[in-house]
Amino acid sequence: MQIIIVGCGNVGSTLTEQLSSEGHNVTVIDMENQRLQNLINNYDVMGVIGNGVSFAVQKEAGVEQAHLLIAVTGSDEVNLLCCLIAKKTGGCHTIARVRNPLYNMEIGYIKEELGLSMVVNPEYAAATEMTRLLKFPSAITIDTFTKGRVEVIKYRVEEGSVLCDLSLQQIASKLKADVLICTVERDENVYIPGGNFIIRAKDEISIVGTAQKTLTFFKKLGVPVTRAKSVMIIGGGKTAYYLAKQLGGMGIQIKIIEIDKERCDELSELLPKAIIIRGDGTDKNLLLQEGLLQTEAFIAMTNVDEENIMLSLFAKSLSKAKLITHVHRISYEEIIDSLDVGSIIYPKYLTAEYIIKYVRAMDSSLDSNIESLYRLNDNRVEALEFSVKADSPVVGIPLQDLQIKPNILICAINHRGSISIPGGQSVIRGGDMVIVVTTNTGLNDIKDILK
């Protein structure tokens with residue numbers, strides 16, 4: 001497809017890398033020449049210097065022939081105007097990044113009136129991800145499929161765990177839990193394991209199952225499964241606001257530490273159920289005074305990545321709180337992977353996931369469509385949910401007889417609300433929802449799993 005991306009920041013760069021690698025013809029627009037040149041030099045893309053709101057700039061980028069324009073500049077208003085001009089000029093699909101909480105409350109109206117295909121709010125998406133993690137603090141990440149009925153939970157195997165030194169076949173026999181271990185990350189490698197694969201301490205495993213069955217599995221491991229009852233949030237930005245709004249109705253005690261007085265006053269009015277503390281969140285004495293040792297969850301989400309990383313390391317050294325670290329910049333990814341700072345939230349990846357899912361659905365055939373898409377294990381693995389149509393080539397054939405490509409695992413089948421972890425005799429039917437995990441990134445359709 002012909003795709004135009006307006007804005008070459010973190011999200012724009014991530015989208016450029018992914019979409020160009022999947023074979024799309026990408027043109028990027030940005031007002032800063034250096035950022036534009038970096039993308040042009042690193043990826044097979046075209047670039048146009050200028051303001052994406054300009055009709056002349058969009059025309060130079062090929063908007064009249066484009067299938068999709070994605071606006072992810074730092075300004076909501078610019079993004080919306082870019083999409084409006086593209087829609088009127090080229091008639092293409094449009095996606096806008098919109099972050100302001102004011103617009104978030106009116107997003108349905110804005111989307112309909114401007115004819116937007118999709119609106120993405122990175123801060124709201126990040127807050128939703130954090131809320132899921134606080135419901136089950138032992139998890140590193142939690143992704144959901146089939147409207148929340150199937151979960152993919154990433155978990156670090158601790159020393160002394162009952163899973164240590166057991167093969168997947170032995171685990172299934174010993175624990176008798178109807179879940180599937182779909183990926184294992186060990187050192188620098190990611191595996192889609194077979195039945196003889198042996199789990200070791202410090203492995204990061206991803207488990208697929210229904211919410212109830214994954215709960216049962218972790219109970220058998222002796223892992224705490226109750227949600228956090230208190231949370232300390234460092235930084236009172238948009239993500240903190242969205243998170244506190246989501247947690248407000250769950251009975252969780254919320255404490256936000258924010259240094260700016262005006263923002264504290266604002267949050268006090270917006271979040272009557274939260275305790276707002278004006279102070280420097282990097283002050284160790286203040287953190288201890290406000291209950292760091294007692295809180296069950298600690299979330300570092302200042303505007304400075306270095307502060308967030310150091311705060312999480314400090315909290316880990318003193319408490320057993322669930323740690324969540326908010327990180328913006330791509331350049332820190334490899335460093336952070338070597339540190340134990342709990343669950344790491346990258347808004348740029350969350351935003352890119354939503355958009356790539358939409359792009360693949362646009363690009364897919366009529367046999368089936370992608371319903372959900374998640375990037376796992378530092379983007380080296382994808383978990384996808386497909387809606388299967390009756391004439392798909394995978395329908396009606398036992399899985400053991402399908403010629404499936406290597407490094408692809410069919411993890412779950414949802415047949416009219418009945419969810420199963422499939423075996424070799426399982427059969428996919430028209431209308432089923434099928435969850436696939438693979439290291440072969442770029443699948444567009446369920447038939448793409450076949451050789």
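Visitor: Which residue just after H9 takes a positive phi, and of about what value?
Guide: The model discussed here is a predicted one. Helix H9 spans residues 211–221. Just after H9 comes the residue in question, and its positive phi is about 80°: Gly222.

Visitor: Which residues of H9 are buried, and why do they lie on the same side of H9?
Guide: The buried residues of H9 are Thr214, Phe217, Phe218 and Leu221. They cover an arc of only 90° around the axis, and therefore they lie on the same side of H9. The other side of H9 carries exposed residues, Gln212 and Lys219. The answer to the second part is thus the arc of only 90°.

Visitor: What covers the buried residues of H9?
Guide: The cover includes two strands and one helix. The strands are S8 (150–156) and S11 (204–210), and the helix is H8.

Visitor: Which residue forms a salt bridge with Lys213, and how many residues apart in sequence are the parts that the pair ties together?
Guide: Lys213 forms a salt bridge with Asp178, and their closest N and O atoms are 3.0 Å apart. Lys213 belongs to helix H9, whereas Asp178 sits in the loop between helix H8 (168–175) and strand S9 (180–186), so the pair ties together parts separated in sequence by 35 residues.

Visitor: Is Asp178 buried, exposed or partly exposed?
Guide: A residue counts as buried under 20% relative accessible area and as exposed over 50%. The relative accessible area of Asp178 is 35%, and that of its partner Lys213 is 32%. Because 35% falls in between the two limits, Asp178 is partly exposed.

Visitor: Are Arg375 and Glu382 buried or exposed?
Guide: Arg375 and Glu382 form a salt bridge, with the closest N and O atoms 3.4 Å apart. Of this pair, both residues are buried.

Visitor: Which residues are joined into one network by salt bridges that share partners?
Guide: The structure holds 17 salt bridges. Those that share partners join the following residues into one network: Lys154, Arg156, Glu185, Glu204 and Arg380.

Visitor: Which strands are the edge strands of the open sheet formed by six strands?
Guide: The order of the six strands in this open sheet is S3-S2-S1-S4-S5-S6, and their pairing is parallel. Neighbouring strands are turned by 15° against each other on average, direction ignored. An edge strand here pairs on one side only, and this applies to S3 (46–49) and S6 (118–120).

Visitor: Which residue in S4 is the bridge partner of Ile5?
Guide: Strand S1 (residues 2–6) pairs with strand S4 (residues 68–71) in the parallel sense, over four bridges. In S4, the partner of Ile5 is Ile70.

Visitor: At what angle to S3 does helix H2 run?
Guide: Helix H2 (residues 33–42) lies across two strands, S2 (25–30) and S3. Its angle to S3 is about 175°.

Visitor: What is the relative accessibility of Glu32, the residue with which Arg35 forms a salt bridge?
Guide: In the salt bridge between Arg35 and Glu32, the closest N and O atoms are 3.7 Å apart. Arg35 is partly exposed at 34% relative accessibility. Glu32 is also partly exposed, and its relative accessible area is 45%.

Visitor: Is Glu290 buried or exposed?
Guide: Glu290 lies in the loop between helix H12 (284–289) and strand S15 (297–300). Not counting residues up to four places away in sequence, Glu290 touches Met232, Lys255, Ile257 and Ile277. Its relative accessibility is 17%, so Glu290 counts as buried.

Note on methods:
Residues numbered from 1 in each chain as written. Predicted model: local features only at pLDDT ≥ 70, side-chain atom pairs only at ≥ 80, totals over all residues. Heavy atoms only, no water. Pairing = 2+ DSSP bridges. Axes fitted to C-alpha atoms, helices over the stretch in contact; angles between N-to-C directions. Contact = heavy atoms within 4.5 Å. Salt bridge = Lys/Arg side-chain N within 4 Å of Asp/Glu carboxyl O. Buried < 20%, exposed > 50% of the residue type's maximum accessible area, 1.4 Å probe, protein only. Arc of directions from axis to C-beta.
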